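Open the structure in your viewer and keep the selection tool at hand. Each stop on this tour gives a selection and then says what is there.

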Amino acid sequence: MMINAKAPALLALGLAALIGAANAGEADVVDGKVTALGDNRYRIDATVLHADEGWDHYADRWDVLAADGRVLGSRELAHPHENEQPFTRSLTLTLPEGISVIRLQAHDSVHGLGGKTLELAVPSP
């Protein structure tokens, strides 16, 4: 049986990549703001913190949730923010009548949803 001399090095690189992906952890929402625009439309700003590690592990979305867990809207994040941490992005959406509190939750490409969330009061329209 022949053993590839490079196999141990390749295995070590593979393990290091897996450990590195886990080290970045989950994406956290660390700040946010809701601004009424009229007609039940709101601008929602979320500040996300995540140790983005390039395209293989980065914060790729944040969601606006109702108190009952329904997703009211999502903001897709099109690229890693390795050199911009934390970063703030906004979303404008129409909220259903009667929504007085929302929760912001971030998503990353490895762990999915998780990390710290943030509850915000919705101002009167």
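Select Asp39 in this predicted model. Asp39 belongs to the hairpin of β1 and β2, where two residues lie between the strands, and has a positive phi near 55°.

Now extend the selection to both strands. β1 covers residues 28-38 and β2 covers residues 41-49. Nine bridges join them, and the pairing is antiparallel. To see one place along this pairing, pick Asp31; opposite it, in β2, is Thr47.

Next, select Arg61, which is part of strand β3 (residues 59-66). Which side chain makes a polar contact with the side chain of Arg61? It is that of Asp63, at 2.8 Å. Then show the contacts of Arg61 that are not within four places in sequence: Ser74, Arg75, Glu76, Leu77, Ala106, His107 and Leu113.

Move on to the aromatic rings. A search of the whole structure gives one aromatic pair. Select Trp55 and Tyr58: their ring centres are 5.5 Å apart and their planes meet at 80°, so this pair is edge-to-face. Are these two residues buried or exposed? Trp55 has a relative accessible area of 58% and is exposed, whereas Tyr58, at 11%, is buried.

Finally, colour the model by pLDDT. The mean for the protein is 81, and 79% of the residues reach 70 or more. Among the elements, strand β8 (residues 118-121) has the highest mean, 96, and helix α1 (residues 7-23) the lowest, 41. Select residues 6-22: the pLDDT is below 50 over this stretch, which makes six contacts in the model beyond near neighbours in sequence.

Methods
Residues numbered from 1 in each chain as written. Heavy atoms only, no water. Pairing = 2+ DSSP bridges. Helix = DSSP H or I, 4+ residues; strand = E, 2+ residues; numbered from the N terminus. pLDDT = per-residue confidence, 0-100. Contact = heavy atoms within 4.5 Å. Polar contact = N/O pair within 3.5 Å; in protein donor to acceptor, adjacent residues only side chain to side chain. Phe/Tyr/Trp six-rings, centres within 6.5 Å; stacked < 30°, edge-to-face > 60°. Buried < 20%, exposed > 50% of the residue type's maximum accessible area, 1.4 Å probe, protein only.
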